[in-house]
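Subject: Structure handover

Hello,

Here is the structure we talked about. Please open it first; my notes follow below.

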Amino acid sequence: MALNRRDFLKVAAAAGAAGAVDTASAFQREPKTMPPNAVGMLYDATQCIGCKACVAACKEANHMPPEHDAGKSEVMWDVPMDLSGKTLNIIKVYQDGNVTQKDREINGYSFVKRHCLHCVDPSCVSACPVSAMTKDPKTGIVEHHKDRCIGCRYCVYACPFAVPKFEYDGPFGQIQKCQFCAHLQAKGQLPACCDVCPTGASLFGLVEDLKKEAQLRLSKKPGESHRFARGKLGGNRPAQDGTIANYQKHLYGDKELGGTQILYLSAVPFEKIGLPTNVPEYGYPAITEGIQHTLYKGMLPPLALLAGLVYLVHRTAGKPDESGETPRKTKVKKEKS
Ligand code: SF4
Ligand code: SF4
Ligand code: SF4
């Protein structure tokens with residue numbers, strides 16, 4: 001179906017007007033819900049010691065190359081500054097004032113781990129026109145499929161957490177993002193970052209169980225003792241004794257943007273550690289998908305035209321001759337000589 005400008009403006013205006021009156025009636029479809037056995041991670045910033053073992057393990061498990069500061073000719077260390085086409089997981093640090101107290105907003109600091117949050121209703125999946133981003137119906141893992149990707153980078157622009165990155169420095173750049181180590185999980189192993197984390201700051205488990213564990217931590221008073229699981233929640237790795245921090249009384253990812261399978265606890269306000277807080281409790285695809293997919297349908301005629309052009313080019317070029325080249329290419333070669 002071709003969509004003209006008037007149709008598009010009508011659809012967009014209808015959605016906008018509906019949103020102003022009532023969010024529910026602006027939904028183009030029902031918000032998606034999490035699979036019952038979805039797997040996830042609880043990242044507790046108060047347990048993170050900033051060792052970056054998870055960053056190194058992520059690189060190794062996913063065969064990602066090291067990254068160096070631009071302009072430095074001699075480098076010995078992998079020093080990624082942010083998520084990129086070479087880095088799927090990064091530890092960042094919040095700092096304030098004299099930076100003396102860990103997990104304090106004022107005159108303090110906090111670590112924060114950033115990678116894909118494996119959203120319950122992911123914008124990247126909704127925005128991808130060729131289904132190169134998919135969400136597993138059982139585990140909820142959001143995966144990128146390189147073989148289907150056309151490099152349009154819609155997922156890069158759609159992700160509210162600025163996660164997918166494009167490899168700009170190679171001739172055949174690809175989208176890169178954390179796939180929750182799906183290849184390791186398929187072999188019964190833990191995601192590399194959870195496996196290597198010495199404190200349990202990155203803790204793997206079923207999302208429902210992780211939420212209960214997070215609520216238990218939030219229900220305790222600061223200074224109270226707690227046994228912090230490591231590796232996998234309910235796994236057989238010995239837990240670590242510690243004390244409860246002065247948490248923000250909220251589990252980030254429980255509701256934000258329809259929920260995420262990576263959950264965050266922090267003592268520093270979430271917006272200060274770089275997580276968007278002024279967001280709705282539903283994923284954006286619930287209000288944009290209808291309009292957007294109508295537009296994709298509108299793209300079919302240009303795609304058909306492109307396919308026709310490709311066919312015509314090949315037909316004009318003809319069949320390869322004995323040298324393996326098409327007559328058109330051979331002619332161009334002769335003209336040059
Ligand atoms: S964080 Fe971004 S890339 Fe990851 S699932 Fe959500 S929308 Fe997709
Ligand atoms: S789950 Fe795997 S890919 Fe994702 S951040 Fe952890 S180690 Fe990296
Ligand atoms: S391995 Fe654990 S403690 Fe070390 S930086 Fe990563 S999340 Fe923090």
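Start with isoleucine 262. Leaving aside neighbours within four places in sequence, isoleucine 262 is in contact with Met41, His115, Cys116, Leu117, His118, Phe180, Tyr252 and Gly253. Keep in mind that this is a predicted model.

Where does isoleucine 262 sit? Its place is in strand β12, which covers residues 262–265. Is isoleucine 262 buried or exposed? It counts as buried, because its relative accessibility is 1% and the cut-off for buried is under 20%. Phenylalanine 204 is 58 residues away along the chain, yet the C-alpha atoms of the two residues are separated by 9.2 Å.

Next, ligand 2. The residues around ligand 2 include four cysteines: Cys58, Cys178, Cys181 and Cys193. The others are Asn62, Asn89, His115, Phe180, Pro191 and Ala192. By class, this shell has seven nonpolar and three polar residues, with no charged ones. Two names come back here: His115 and Phe180 are around ligand 2, and both are also in contact with isoleucine 262.

Last, the largest pocket. Its volume is about 260 Å³. The elements that give two or more residues to its lining are α3 (53–61) and β2 (90–95). Strand β2 gives the largest share, four residues. In total, 13 residues line the pocket. Nearest its centre lie Lys52, Asp78, Pro80, Ile90 and Ile91. What is the class make-up of the lining? Nine residues are nonpolar, one is polar and three are charged.

Best wishes

Key
Residues are numbered from 1 along each chain as its sequence is written. Chains are lettered from A and ligands numbered from 1 in the order in which they are written. This is a predicted model: local features need pLDDT of at least 70, side-chain atom pairs count only at pLDDT 80 or more; totals for chains, interfaces and linings use all residues. Side-chain values use heavy atoms; hydrogens and water are left out. A residue is near a molecule or strand if one of its heavy atoms lies within 4 Å of it. Ala, Val, Leu, Ile, Met, Phe, Trp, Tyr, Cys and Pro count as nonpolar, Asp, Glu, Lys and Arg as charged, and the others, Gly among them, as polar. Buried means under 20% relative accessible area, exposed over 50%, partly exposed in between (1.4 Å probe, protein chains only). Contact means heavy atoms within 4.5 Å. On a 1 Å grid over the protein atoms alone, a cavity is a set of points where a 1.4 Å probe fits but cannot get out, and a pocket is an open set with protein on both sides within 12 Å along at least five of seven lines; lining residues have an atom within 4 Å of a point. Grid points are joined across faces, edges and corners, and a volume is the space filled by probe spheres set on the points.
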